[in-house]
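Biologist: I am new to reading structures, and I would like to take a close look at a single part before turning to the rest. Could you lead me through it slowly, with the reasoning spelled out?

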Amino acid sequence: MGHTIYEWVYIGVVVGILIWVGADSWLVEKHLEEIPEEATTIRVVAQQWFWTFEHPDGTKEVGELHVKAGKAYRFEVVSKDVIHSFNVPYFVMTMDAVPGRVNKIWFAPAEPGEFLIQCREYCGLLHYQMRAKLIVEA
Amino acid sequence: MVSTRFYVLILAPLLSASLIPILDPAYAQEEGQFFNRRIEIWSLFYKLMTAAFIVGAVVNGVILFIVLRFRERKTKREVKV
């Protein structure tokens, strides 16, 4: 055929776009994994079928989590029984709670409000009711 | 054959475009300001969707172009009625 120029243009454009989005994805992923040193640690305990939140001072909350806007929080997500998944849809945050493991994820809410916390991994009969409330205070 | 100049003309702008996000100062975290995952993740999602549609359009366009060019070169074929 001898018309490789079109194929090379198309390979060049496609490879270039993939490199661009790949670099961008890598950068966002890097920032998501870097937990700020000043972040407050909250232990998130999942069990059938409710959430318990343990603050650094020892206080515990069940079904509700109070945090402050403008501060960073690191969640240590654990499970007492089966696999659950800690999910806050508004903040695009999902982390599996696996028995025997401590999984970490962080966020820093910018604005006050009430947001949904839910289980995102089917965990039994009342999975659909395994919800909690995230309350971000000003 | 495709010349070296052609590679430079096509690939250099695309590769330099891929470096833009790395140099973007918007990602720099200042004291008291944290990475807003909600904004950044959705922003990345829209970029990926845009890239996916552009790649799809380019691939489909090239396929269509090659097919039409092939059909035009075969006009001498006899058609029995």
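Modeller: A residue counts as buried when its relative accessible area is under 20%, and as exposed when that area is over 50%. Please keep in mind that this is a predicted model. With that cut-off, the buried residues in helix 1 of chain A include G12(A), V14(A), G16(A), I17(A) and V21(A), and further along the helix A23(A), D24(A), L27(A), V28(A), H31(A) and L32(A) are buried too. Helix 1 of chain A covers residues 4–33, and because each residue should add 1.5 Å, its 30 residues should span 44 Å, which agrees with the 43 Å between its end C-alpha atoms.

Turning to the sheet, five strands of chain A form an open sheet with mixed pairing, in the order 4-10-9-6-7. Its edge strands are strand 4 (64–68) and strand 7 (93–97) of chain A, each of which pairs on one side only, and neighbouring strands are turned by 20° against each other on average, direction ignored. Strands of a sheet pair through backbone hydrogen bonds, either parallel or antiparallel. Strand 6 (residues 84–88) of chain A pairs with strand 7 of chain A in the antiparallel sense, over five bridges, and S85(A) stands opposite D96(A) in strand 7 of chain A.

Lastly, the cysteines: a search of the whole structure finds zero disulfides over all chains. The sulfur nearest to that of C119(A) among the cysteines belongs to C123(A), 3.8 Å away, whereas a disulfide needs the two sulfur atoms within 2.5 Å, so C119(A) is in no disulfide. C119(A) counts as buried because its relative accessibility is 7%, and C123(A), with a relative accessible area of 5%, is buried as well.

Notes: Residues are numbered from 1 along each chain as its sequence is written. Chains are lettered from A and ligands numbered from 1 in the order in which they are written. This is a predicted model: local features need pLDDT of at least 70, side-chain atom pairs count only at pLDDT 80 or more; totals for chains, interfaces and linings use all residues. Side-chain values use heavy atoms; hydrogens and water are left out. Helices (H or I, at least four residues) and strands (E, at least two) are DSSP runs, numbered from the N terminus. The expected span of a helix is 1.5 Å times one less than its number of residues. Buried means under 20% relative accessible area, exposed over 50%, partly exposed in between (1.4 Å probe, protein chains only). Two strands pair if DSSP finds at least two bridges between them. Axes are lines fitted to C-alpha atoms, for helices over the stretch in contact, and angles run from 0 to 180 degrees between N-to-C directions.
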